[in-house]
Amino acid sequence: DLQDLAPATVFDQILAKALPSQVVFENDKVLAFRDIAPQAPVHILVIPKRRAGLTALRKASREQKGVLGEMMVAVAEIVRQENIEGGYRVIVNDGEEAGQSVHHLHMHILAGRPLAWPPG
Ligand code: 5GP
């Protein structure tokens with residue numbers, strides 16, 4: 001895939017089910033699974049199934065607004081499905097200083113404990 005020349009990440013292995021993960025939501029565009037190193041009682045990652053150049057949010061283009069919207073709607077569906085009653089936070093880390101470690105776009109959903117603001 002011409003748009004996927006960046007090196008594969010661990011999320012490709014998760015998508016291929018070559019690496020096990022605790023899937024909480026899946027449709028044709030999006031996969032969501034529990035973070036292996038949870039930073040809150042609920043810590044879920046939402047990723048596009050097709051990375052398509054989205055190594056980071058900054059790479060997004062208008063052509064990708066469909067899948068970007070799907071990710072956001074998936075967050076809402078997951079929050080309802082998981083009965084997240086209190087607050088929650090959605091985070092996208094983009095770049096080294098923000099702590100991005102996997103170069104496949106993903107949204108973090110964090111819930112189940114008080115979340116400081118600003119996050120620091
Ligand atoms: P980032 O720091 O790039 O925003 O977030 C990457 C996240 O992926 C981290 O929170 C990290 O714990 C999670 N992660 C890395 N490797 C794996 C894995 O093999 N399985 C799962 N479920 N999560 C992973």
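Here is a short walk through the sheet, the helix packed on it and the ligand site of this predicted model.

**The sheet.** Start by selecting the five strands, shown as a cartoon. They make an open sheet of 5 strands in the order β1-β2-β3-β5-β4, and the pairing is antiparallel. Colour β1 (23-26) and β4 (88-91) next: these are the edge strands, each with pairing on one side only. Look along the sheet and you'll see the twist, which averages 20 degrees from one strand to the next.

**The helix on the sheet.** Now add helix α2 (residues 65-81), which packs on the sheet and touches β1, β2, β3 (42-48), β4 and β5 (107-111). The direction of α2 makes about 155 degrees with that of β3.

**Across the strands.** Go back to β1 and step over to β2 (residues 30-34): 3 bridges join this antiparallel pair. Pick Val 23 and you'll find Phe 33 of β2 opposite. Stay on Phe 33, because there is another partner to find: which residue in β3 is the bridge partner of Phe 33? That's Leu 45. β2 and β3 run antiparallel, with 5 bridges between them.

Select β3 itself now. This strand is largely enclosed by the rest of the structure, since 6 of its 7 residues are buried. On to β5, which runs antiparallel to β3 and is joined to β3 by 5 bridges; click Ile 44 and look opposite for Ile 109 in β5.

**The ligand.** Finally, centre on the ligand and show its shell of 14 residues, the closest being Ile 36, Ala 37, Asn 93, Ser 101 and Val 102. Colour the shell by type and you get 7 nonpolar, 5 polar and 2 charged residues.

Conventions. Residues are numbered from 1 along each chain as its sequence is written. This is a predicted model: local features need pLDDT of at least 70, side-chain atom pairs count only at pLDDT 80 or more; totals for chains, interfaces and linings use all residues. A residue is near a molecule or strand if its C-beta atom, placed from the backbone, lies within 6 Å of it. Ala, Val, Leu, Ile, Met, Phe, Trp, Tyr, Cys and Pro count as nonpolar, Asp, Glu, Lys and Arg as charged, and the others, Gly among them, as polar. Two strands pair if DSSP finds at least two bridges between them. Helices (H or I, at least four residues) and strands (E, at least two) are DSSP runs, numbered from the N terminus. Axes are lines fitted to C-alpha atoms, for helices over the stretch in contact, and angles run from 0 to 180 degrees between N-to-C directions. Two residues are in contact if their C-beta atoms, placed from the backbone, lie within 7 Å. A residue is buried if 20 or more other C-beta atoms lie within 10 Å of its own, exposed if 12 or fewer, and partly exposed in between; C-beta atoms are placed from the backbone.
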